[in-house]
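Subject: the structure for you to look at

Hi,

Here is the structure I promised to pass on. Have a look around first, then read on for what turned up.

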Number of protein chains: 2
Amino acid sequence: MIADLVAQALEGRPRAVAQLISRVESGSPDLPEIAALLAPHTGRAQVVGLTGSPGVGKSTTTSALVTELRREGKRVGVLAIDPSSPFSGGALLGDRVRMGDHALDDGVFIRSMATRGHLGGLAWATPQALRVLDAAGCDVVLVETVGVGQSEIDVVSLADTTLVLLAPGMGDGVQAAKAGILEIADVFVVNKADRDGAAQTVRDLRYMMSLGSRQDAWKPPICRTVAARGEGVDGLAKAIEEHRTWLASSGEGAVRRRRRAAAEIEAIALEKIRVRLSSSAVAEFADAVVAGDLDPYAAADRALQTL
Amino acid sequence: MIADLVAQALEGRPRAVAQLISRVESGSPDLPEIAALLAPHTGRAQVVGLTGSPGVGKSTTTSALVTELRREGKRVGVLAIDPSSPFSGGALLGDRVRMGDHALDDGVFIRSMATRGHLGGLAWATPQALRVLDAAGCDVVLVETVGVGQSEIDVVSLADTTLVLLAPGMGDGVQAAKAGILEIADVFVVNKADRDGAAQTVRDLRYMMSLGSRQDAWKPPICRTVAARGEGVDGLAKAIEEHRTWLASSGEGAVRRRRRAAAEIEAIALEKIRVRLSSSAVAEFADAVVAGDLDPYAAADRALQTL
């Protein structure tokens, strides 16, 4: 049954791909079996992460990139990661709707992931969904996150190529620097480049890069786009392809894949421990900590001893 | 030695407080001893989280709140959590500088925390820093995060009272709803309320709240502020105080403290496992996963068996 589903996904059948990702998201007990069946077929896709503040146009850029990559004949996967409420457990409708343009194209797989409301939820489910898309024959998988901060770190740990999106007037250089974007970007995208201030944003970026301490051989290019009209997106796709070539020739690609695998193994292992902890021991000790009778380190030791 | 340092911190001596927080941040081996000595003196401070998109004025609001709370004679702690680069390990200078206004006031402790570049870094270090400030006699500890997404979830799990900041023209209702802010806010702050669109932002919020499914007895008030000029900040301080009263009378305060303690114990326990994993086993298996010879679930099981 699972073997059939995986076989169909490997042929790129959209329904099988969707069903496998659903199982990943819901933490299905079949996950280890699915992972074992997928493993020999993974490692081919270029994982491209998109990050940036709300409002810079990440969804629009993702959609425009899908159009461009399809024009080049590539199979494309999209994982949109919603910072959904820890309480409602679901994401509200929003600009995800624009992806509807691609809904009838069977060379494109699009999926929204919720982050499941606990630390590390993204960490273990997303890489498994990537594996499904990779094994299903995607040449490129675009991973769109929302916001800045922790999710940025997650994107970097997942991606072969990280795009950092900016838009004119979305905040000054200090705000950008605060978020640590200089160190994580492989390609900068100044979207909404037809707006006032676009040239200034590019200058600010160049200035900040000139101050930076990055030692890589790769110099992040700055692409200007008006994603809503598809302008500049061919150049962006070219920059992504050039980064792929550099990853292969420099050996950095192998370094990133190894780092990603290590992070993935760690996340799965920690999730296993977390599930075992949360079922019992932690709640027992929380009251003692609240009362000041036990400190949290001692409580953690005792909780681990119960495993 | 540690006992002396803790004794001085309990008296509220700024240098001792700063040294203890540094030890927390650096993951000092003294942490369990520090935590044990602090435990009987914690549980008094109201932890107030501030979150919102970049540019809404979180640092300015934090600073204005410090001024107001000091006027009321309260001791105040500030933890500013930077989503610092996972690579540089440090935050760049920015609007944190404005906090310099309070640098000479010995009733205020201000501290920037870096998130240490791995998942969960925030999760275990920040609560320990909060414990130091709590034990040092702070009536209120303000925790300022940057951005939206995962860091919001973290703030909620830490805070007694969560402030969600908005500013006119920073994005439409969909963007706000995307980030799940309706469910997490105890108090809304519409900052920069002298700008065009402030009344509309308040109306949008009221409308979204009317659609929401929150069942709490507490209805989040909407405070309008111009934090840069201190306007409306007295009203915000009053709303925070009212929420504190409600937390105590409704029993929700105890629920949140227990939840926070449980999260804290879990984070420490997982960090212990993570450290033991990362020292050896994971790296061994990562190459096999990259090669497709081993799937990550099987690798995680093997890694856990080595512990």
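Before we get to the strands, one bit of vocabulary: two strands pair if DSSP finds at least two bridges between them. Also keep in mind that this is a predicted model.

**Strands in chain B**

With that definition, look at strand β5 (residues 161–166) of chain B and β6(B): they run parallel and are joined by 4 bridges. That clears the cut-off of at least two bridges, so the two strands count as a pair. On its other listed pairing, β6(B) goes with strand β7 (residues 222–224) of chain B, again in the parallel sense, over 3 bridges.

A good residue to click on is V189(B). Across from V189(B) in β6(B) you will find L165(B), and the bridge partner of V189(B) in β7(B) is C223(B). C223(B) has a relative accessibility of 9%, so it counts as buried.

Now, which residues of β6(B) lie on each side, and are they buried or exposed? V187(B) and V189(B) sit on one side, F188(B) and V190(B) on the other, and all of them are buried, so both faces of strand β6 (residues 187–190) of chain B are covered. This fits a simple rule: in a regular strand the side chains alternate between the two faces of the sheet.

One more strand in chain B is worth a visit. E144(B) belongs to strand β4 (residues 140–144) of chain B. How accessible is E144(B)? Its relative accessibility is 0%, so E144(B) counts as buried. The side chain of E144(B) does have a partner, though: a polar contact of 2.8 Å joins it to the side chain of S59(B).

**Salt bridges**

Side chains of opposite charge can pair when their charged atoms come close. How many salt bridges are there over all chains? The count is 34. Here are a few to find on screen.

- E264(A) and R131(A) form a salt bridge through their side chains, at 2.5 Å from N to O. The two are 133 residues apart and link distant parts of the chain: E264(A) is in helix α11 (residues 252–278) of chain A, and R131(A) is in helix α5 (residues 121–135) of chain A. E264(A) is buried, at a relative accessible area of 5%, and R131(A) is buried too, at 9%.
- E242(A) and K238(A) make another salt bridge, with the closest N and O atoms 3.4 Å apart. Both are in helix α10 (residues 233–250) of chain A, and because they are 4 residues apart, about one helical turn separates them. E242(A) is partly exposed at 39%, while K238(A), at 53%, counts as exposed.
- Over in chain B, D30(B) and R23(B) form a salt bridge whose closest N and O atoms are 2.5 Å apart. D30(B) is partly exposed at 22% relative accessibility, and so is R23(B) at 23%.

There is also a network of salt bridges, which links E72(A), K74(A) and E241(A).

**Cysteines**

How many disulfides does a search of the whole structure find? The answer is 0 over all chains. If you go looking at cysteines anyway, try C223(A), which counts as buried at 9% relative accessibility. You have already met C223(B), the partner of V189(B) in β7(B).

Enjoy clicking through it, and write back with any questions!

Terms used. Residues numbered from 1 in each chain as written. Chains lettered and ligands numbered in written order. Predicted model: local features only at pLDDT ≥ 70, side-chain atom pairs only at ≥ 80, totals over all residues. Heavy atoms only, no water. Salt bridge = Lys/Arg side-chain N within 4 Å of Asp/Glu carboxyl O. Buried < 20%, exposed > 50% of the residue type's maximum accessible area, 1.4 Å probe, protein only. Disulfide = S-S within 2.5 Å. Polar contact = N/O pair within 3.5 Å; in protein donor to acceptor, adjacent residues only side chain to side chain.
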